Amino acid sequence: MINIENRDAHLIEEAKATLIKNDLGGYTVPTHGLYPFQWNWDSAIVALGWLPFDEPRAWEETTSLLSAQWKSGMVPHVVFHKHSDTYFPGPDIWGVQNSPDSTSITQPPVLASVIKILFEETEDRALAESQIKTIVPQLIDYHLWWYKQRDPENTGLVVSYHPWESGMDNSPAWDAALEAVPCVDWEYTRRDTSHIDASERPHKKEYDRFLYLVDFFRKMNFDDTLIYQDCPYRVNDVSIISILHRATKDLLTLCEKIGVSNDQTAYLVKRLDLTEGAISKLWCSETNMFHSFDTRSNTMCKARTSAGLLPFFAGLVSEQQTQPLISVLDKWLEHSTYAISSTHPDDPNYEPQRYWRGPIWIHINWMIAIGLEDYGFSQQAQRITEGSRACIYKSGFNESFHAETGARSGGADFSWTAAMALYWLL
Ligand code: 2M8
C-alpha cells in the first residue's frame, strides 16, 4: 500500500526543488529551455508556491514582474531580464525600447488576486505591510490601463490583441479570429518544437499569424489608440474579462484594507458595474456557456473551452445562468477521469494532447474550483481538486496533462504546476 503521507512529503520537497531550480534570482522561469524568461501570469501563480516556504521570495516574484511595468501602466507578458537564445521570438523581434526588455502585450491579470492572498496569508506582517504600500499603486495603474486602453469606448468588456495575451495560445476559441489575420512575410525558425514534440504545440499557420501581430504592434509604435483602431485581431476574451473582474474586486478590497480611497478607486468601482451590465453579451443560450467574442467580425467564438467556466471565478454568472452552466460542467466532469480539460471533449476541435486545445492546466482548474466554491458548488469543486491532484500523482509537475490519460504534456519541471501543488494540492 502507498503511504500517502510519505508520498506527499516527497512531492512537496520535489515541488520546492522545482521552484528553486527554476529561480533565476528574483524571478522564476516557467521551465528552463522552453521558456527561459519571466512570464506574467506564471509569476503570479508561482508566487503562491513560494509563499509556504519562503515569504520574502514570494513577494519578490511579484515585484520583479512589476519592475517591468510600462509608464502607461501595462505589465508585460514576458520580461526578458537576461539573454537566452533557447526561445523564439526574443526581444529583437518585439522591438520594444524599454528597460528591462519586454514584450508589448500583457497576460491575464491574476496578479492582484494573488497579491490579496499574499497579503492575507503572509505570516511576517511587517513584510506584507511594507510590500503592499508600493505594490497597490502599481496594481491600480495596471487596472486603469486595462479599462482605459482596452475598453476606450466603455463597453464594459475589455479587448485582447493576441492569443498570447490570453495565455491560451492555440485555443480553438481563436481559430476563426486568427484566420482573418494575414501571415507574416518573412522566414523564421521556431525554438519550441526543438524542446517539445510538434504534436503538442501550435501549428505553423498559427505562428505565422502570431508573428504578423508582433510586427503589427511594432509598426504601430506600440500606440494603444492606433492598435485599438486597426488591430486585425481584437477579441473580448471571456477568460481575461473574468480574471480582470475578480482581480479588480480583490484590488479594491486591498485598497479598503489599507485605507486607499480616491478618484481612481471610484473609477474602478464604476468599471465593475459596467462589466456586470455587459457580460450577458458573452452568454450563449444554445451551448449554455460563456464564450469569447470577436469584435472584428462581430461573432461569438463558439468553441466550448474551460475559459467559459471562469465567470464563476469572477462572480459574473447570473442566477438564471448558474444551473444551465452547472449542467454543462457536470457532463464535462462525467467525461473526465481527471480534471477540466482546456477544451470540452465534445467540441469538434478538441485534441487531448495539443497544448490549449485539450490538455488539463492546473491553475485554470484552481480558478474554476474557487469560483465553484464561491457559488456553493463544493462537490464539483472537490471533484476538480481531486482530479488535479491525481494528475500530479500520476505524472509530476508538467506544464499540462493529457486530458484523458493524465500523462505528461508539454514541458517538464514546470513552475506553475509545482506552485499549485505547494499552495493548493499537497
Ligand atoms: C505559453 O505561451 C508562450 C507565449 O506566451 C509560448 O507558447 O511561447 C502559454 O501556455 C502561456 O499561457 C504561458 O504563460 C507561457 C509560459 O508558461 O507559455
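**A walk through the loops, a domain and a helix pair**

Let's start in a loop: Pro 100 sits between helix H4 and strand E3 (101–102). Keep in mind that the model you're looking at is predicted. The peptide bond that joins Ser 99 to Pro 100 is cis, with omega at about -5 degrees.

Step back along the chain and there's another cis bond to look at, this one joining Phe 88 and Pro 89, where omega is about 5 degrees. Pro 89 is in the loop that runs between strand E2 (78–80) and helix H4 (91–94). So if you're checking omega values, H4 makes a handy landmark: Pro 89 is in the loop between E2 and H4, and Pro 100 is in the loop between H4 and E3.

Now for the wider frame. UniProt, in an unreviewed entry, puts the feature "domain: Mannosylglycerate hydrolase MGH1-like glycoside hydrolase" at residues 35–417. Go to the two ends of that span and you'll find their C-alpha atoms 14 Å apart. As for secondary structure, residues 35–417 are 50% helix and 6% strand.

Next, a helix pair. Two packed helices are described by the angle between their axes and the distance between those axes. Here the pair is H2 (residues 40–50) and H18 (residues 415–425): their axes come within 7 Å and cross at roughly 35 degrees. The crossing of H2 past H18 is left-handed. Which residues do the meeting? On the H2 side they are Asp 42, Ile 45, Val 46, Leu 48 and Gly 49. Facing them in H18 are Ser 415, Trp 416, Ala 418, Ala 419, Met 420, Leu 422 and Tyr 423. Sorted by class, the contact comes out as nine nonpolar, two polar and one charged residues.

Last stop: backbone torsions. Phe 222 isn't a glycine, yet its phi is positive, near 60 degrees. You'll find Phe 222 in the loop between helix H10 (204–219) and helix H11 (224–230). Is Phe 222 buried or partly exposed? It has 19 other C-beta atoms within 10 Å, and because being buried takes 20 or more, Phe 222 counts as partly exposed.

Asn 288 is another non-glycine residue with a positive phi, near 55 degrees in this case. Its loop lies between strand E5 (283–284) and strand E6 (289–290). Asn 288 is partly exposed because 17 other C-beta atoms lie within 10 Å.

Definitions and conventions:
Residues are numbered from 1 along each chain as its sequence is written. This is a predicted model: local features need pLDDT of at least 70, side-chain atom pairs count only at pLDDT 80 or more; totals for chains, interfaces and linings use all residues. UniProt positions are given in the numbering used here, feature names are shortened, and annotations may be inferred rather than shown by experiment. Helices (H or I, at least four residues) and strands (E, at least two) are DSSP runs, numbered from the N terminus. Axes are lines fitted to C-alpha atoms, for helices over the stretch in contact, and angles run from 0 to 180 degrees between N-to-C directions. A crossing is left-handed if the near helix is turned anticlockwise from the far one by less than a right angle, and right-handed if clockwise. Two residues are in contact if their C-beta atoms, placed from the backbone, lie within 7 Å. Ala, Val, Leu, Ile, Met, Phe, Trp, Tyr, Cys and Pro count as nonpolar, Asp, Glu, Lys and Arg as charged, and the others, Gly among them, as polar. A residue is buried if 20 or more other C-beta atoms lie within 10 Å of its own, exposed if 12 or fewer, and partly exposed in between; C-beta atoms are placed from the backbone.
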